Amino acid sequence: MRESISLTGQFAAVDEILTGRENLVLVARLRHLGKPGRVADDLLERFSLTGAARSRASPPGARPCC
């Protein structure tokens, strides 16, 4: 059961600091996946988001106020 539970960082303190790729690497590490950088790159490629890999995951002002 524990392996099938994941997390969704909707209001993480690092949202505005990390890029999309860094965010994926963080989640891969938290899930104890091997080669987290490779996992992140594979996901970015799979969803055609390689161009956005260096963008911040949550631009300032993108979060709802409440």
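# Close-up views of a two-helix chain

Of the 66 residues in this chain, 20% count as buried. The model you are looking at is predicted. The chain has two helices and zero strands. Residues 24 or more positions apart supply 56% of the contacts with a separation of 6 or more. The legends below take you through the helices, and then through some residues outside them.

**View 1. Helix α1 packs against helix α2.** Helix α1 covers residues 20-30 and helix α2 covers residues 36-46. The two pack at an angle of about 125°, with their axes 8 Å apart. α1 and α2 are therefore oblique to each other. Their crossing is right-handed. On the α1 side, the contact is made by Arg21, Leu24, Val25, Ala28 and Arg29. On the α2 side, look for Pro36, Gly37, Val39, Ala40, Asp41, Leu43 and Leu44. Sorted by class, this contact of α1 with α2 has eight nonpolar, one polar and three charged residues.

**View 2. Helix α2 has buried residues and exposed residues.** Which residues of α2 are buried? They are Pro36, Gly37, Ala40 and Leu44. Seen down the axis of α2, these buried residues fall within an arc of 105°, so they line one face of the helix. A handy rule helps here: an α-helix has 3.6 residues a turn, so residues three or four places apart point the same way. What covers the buried residues of α2 includes α1. Now turn to the other side of α2, where Arg38, Glu45 and Arg46 are exposed.

**View 3. Helix α1 has its own buried residues.** In α1, the residues to find are Gly20, Asn23, Val25 and Ala28, which are buried. What covers them includes α2. Two of these names, Val25 and Ala28, may look familiar, for they also take part in the contact with α2.

**View 4. His32 and Lys35 follow helix α1.** Most residues other than glycine have a negative phi, and most peptide bonds are trans. Just after α1, however, His32 takes a positive phi of about 60°. Lys35 has a positive phi too, near 50°, and is a residue other than glycine. Where is Lys35 found? Lys35 sits in the loop between α1 and α2. Is Lys35 buried or exposed? Lys35 has 65% relative accessibility, so this residue counts as exposed. To link this view back to α1, find Val25: the C-alpha atoms of Lys35 and Val25 are separated by 8.9 Å, and the two residues are ten apart along the chain.

**View 5. Ser48 comes after helix α2.** Ser48 is found in the segment after α2. What is the phi of Ser48? The value is positive, about 55°, although Ser48 is not a glycine. Ser48 is also exposed, with a relative accessible area of 66%.

**View 6. Ser55 meets residues from an earlier part of the chain.** Like the residue in the previous view, Ser55 has its place in the segment after α2. At 37% relative accessibility, Ser55 counts as partly exposed. Which residues does Ser55 contact, leaving aside its neighbours within four places in sequence? The partners are Leu18, Thr19 and Gly20. Pick out Gly20 among them: the C-alpha atoms of Ser55 and Gly20 are separated by 6.0 Å, with the two residues 35 apart along the chain. Gly20 is also one of the buried residues of α1.

Conventions:
Residues numbered from 1 in each chain as written. Predicted model: local features only at pLDDT ≥ 70, side-chain atom pairs only at ≥ 80, totals over all residues. Heavy atoms only, no water. Axes fitted to C-alpha atoms, helices over the stretch in contact; angles between N-to-C directions. Helix = DSSP H or I, 4+ residues; strand = E, 2+ residues; numbered from the N terminus. Parallel < 35°, antiparallel > 145°, perpendicular 65-115°, else oblique. Left-handed = near helix turned anticlockwise from the far one by under 90°. Contact = heavy atoms within 4.5 Å. Nonpolar A, V, L, I, M, F, W, Y, C, P; charged D, E, K, R; others polar. Buried < 20%, exposed > 50% of the residue type's maximum accessible area, 1.4 Å probe, protein only. Arc of directions from axis to C-beta.
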